[in-house]
Amino acid sequence: MFKDVDYYAGDPILGLVDKFFADSNPNKVNLSIGIYYDKDSKLPVLECVKTAEQRIADPITPRPYLPMAGLLGHRLGCQNLLFGKDAPVLQQGRVATIATIGGSGALRVGAEFIHRWFPKSKCYVSDPTWGNHIAIFEGSGIEVGSYPYYDKANSRIKFDEMLEFIEKLNKHDVVLLHPCCHNPTGMDLTREQWDKVLEVIKQRELIPFMDIAYQGFGEDMDSDAYAIRKAVDMGLPVFVSNSFSKNLSLYGERVGGLSVVCPSADEAERVFGQLNFVVRSIYSSPPSHGGHVVDIVMNDDKLYQQWVGEVYGMRDRIKAMRLKLKSVLEAKLPEQNFDYITRQNGMFSFTGLNPEQIERLQSDFGVYLISNSRMCIAGLNVDNIDYVANAMVEVLKE
């Protein structure tokens, strides 16, 4: 019956993690998967989350299904974080927001909505982008292409080429954008560049889809949302998918949100209804536990401020690791330029290593990077960074 079913080789990143765990090298370092680890290589449980979970557990209560759109407090938390608590667009009721199964679920619900109501639209992602972007939109029946973004040889953004490409797209085509901490390159647009890109999107009547999975890991909560808020100020309809996996360290709880900014409150109400319809047809309702954590943390002023401080602590540790890695590499290879390491933002760095060098890092040193040269800086700490830097020096000297 299933003899013609194709074999699935598995996700390359998750497969690499399996390979890492099977490695017997006592000095092995996992810099592949996009997870924040603390200075002791542990997945942290944030103090604000501990407090929220204690409230949830005292007393322990029944767990009914949530509404299709999720908890109201979860949805409001997403809106206030993305658009600003007193944003006019929220006061005007022009944002339709639902809680989703992580950022991936938000992307999928948004893609399904777009395919149904804009069936001729194509989606364009940056070259490169997070690989699952392509799979999610293609899985919703949307044709996916790519726009120029990263110049690997010179460690820069191909901004002029990017702008020229977007200027040629058709009305209602979707442009998938990373508001901050671009995955996988870590290279972000400046505010001036964002203004130009959004102006072209407005002129061409395109659909911007902002995927923000690392808010707070770039500059700060507000600055990281600049592109989103600028698009709103320009009167653009915009889709925003956000995730709490990284900045609340709630990976397995699958907590995210999808917000759609609409021209009017009436349109927002209709869009909200159709988003609920998509949810009902796929998974009925979002998870409960993570949603309650988000609700509590985002809507308690004291816990919210504690959370922001904890996120900035993670951000600063990543920045410190970037500086340390750069200084060690520069000292040992002074003829090479490693400025790109500190120009990049967020958890990831595009190292520029070729596949042979990456393979040697794995086989000889037990240092695991993604084959496209992406390194998760959050996997570095004071105990392993010299080892990783020396391993990189060895493969770069060849």
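This report walks through the pockets, one helix, the aromatic pairs and two single residues of the structure above. The model is a predicted one, so please read every value here as computed from its atoms.

## Open pockets and one closed space

Let's begin with the empty space. Rolling a probe the size of a water molecule over the atoms shows where empty space is left. The table sets out the three spaces treated here.

| Space | Volume | Nonpolar residues in lining | Polar residues in lining | Charged residues in lining |
|---|---|---|---|---|
| Largest pocket | about 950 Å³ | 19 residues | 15 residues | five residues |
| Second largest pocket | about 490 Å³ | 15 residues | three residues | four residues |
| Largest cavity | about 40 Å³ | six residues | two residues | no residues |

The largest pocket holds about 950 Å³ of space. Its lining is made up of 39 residues, and those closest to the centre are I13, W130, N183, K246 and R374. If you want to find this pocket on the model, the elements that contribute two or more residues to its lining are α1 (12-22), α5 (102-117), α6 (131-139), β8 (207-212) and β9 (238-243).

The second largest pocket has a volume of about 490 Å³. Here 22 residues form the lining, with F118, P237, P263, E267 and V271 nearest the centre. Two or more lining residues come from each of α5, α8 (191-204), β9, β10 (255-261) and α10 (265-282). Which element gives the most to this lining? That is α10, with four residues.

How many cavities of 30 Å³ or more does the structure hold? There is one, and the space in the largest cavity comes to about 40 Å³. Around this cavity sit Y147, Y149, M162, L177, H178, H182, L189 and W194. By class, six of these lining residues are nonpolar and two are polar, with no charged residue.

## Helix α1 and its two faces

Helix α1 brings us back to I13, one of the residues closest to the centre of the largest pocket. The buried residues of α1 are I13, L16, V17 and F20. Why do they share a side of α1? They cover an arc of only 105° around the axis, and this puts them on the same side of the helix. A general point helps with the spacing: an α-helix has 3.6 residues a turn, so residues three or four places apart point the same way.

The face of α1 turned away from the buried side carries the exposed residues P12, D18 and A22. The cover over the buried residues of α1 includes β1 (29-30), α14 (355-365), β12 (367-368) and β13 (374-376).

## Aromatic pairs

A pair of aromatic rings is described by the distance of the centres and the angle of the planes. The model has 11 aromatic pairs. One of them joins F20 and Y368: the ring centres are 5.5 Å apart and the planes stand at 85°, so the pair is edge-to-face. F20 belongs to helix α1 and Y368 to strand β12, and the pair links these distant parts of the chain, 348 residues apart. Because buried means under 20% relative accessible area, F20 counts as buried at 10%, and Y368 likewise counts as buried at 3%.

Another edge-to-face pair is formed by Y214 and F348, with 5.7 Å from centre to centre and 85° between the planes. Y214 lies in the loop between β8 and α9 (226-233), while F348 is in strand β11 (residues 348-350), so this pair ties together parts that are 134 residues apart in sequence. Are Y214 and F348 buried or exposed? Both are buried.

Ring pairs also link F113, F137, F209 and F239 into a cluster.

## Two residues to look at

I136 has its place in helix α6, and it is buried, with a relative accessible area of 7%. Setting aside neighbours within four places in sequence, I136 is in contact with S104, L107, R108 and W130. For I136 and S104, the separation is 32 residues in sequence and 7.8 Å in space, C-alpha to C-alpha.

D151 is found in strand β5 (residues 150-151). With a relative accessibility of 11%, D151 counts as buried. Not counting residues up to four places away in sequence, D151 touches R156 and K158.

Note on methods
Residues numbered from 1 in each chain as written. Predicted model: local features only at pLDDT ≥ 70, side-chain atom pairs only at ≥ 80, totals over all residues. Heavy atoms only, no water. 1 Å grid on protein atoms, 1.4 Å probe; cavity = no way out; pocket = protein on both sides within 12 Å on 5 of 7 lines; lining within 4 Å. Points joined across faces, edges and corners; volume = space filled by probe spheres on them. Nonpolar A, V, L, I, M, F, W, Y, C, P; charged D, E, K, R; others polar. Buried < 20%, exposed > 50% of the residue type's maximum accessible area, 1.4 Å probe, protein only. Arc of directions from axis to C-beta. Contact = heavy atoms within 4.5 Å. Phe/Tyr/Trp six-rings, centres within 6.5 Å; stacked < 30°, edge-to-face > 60°.
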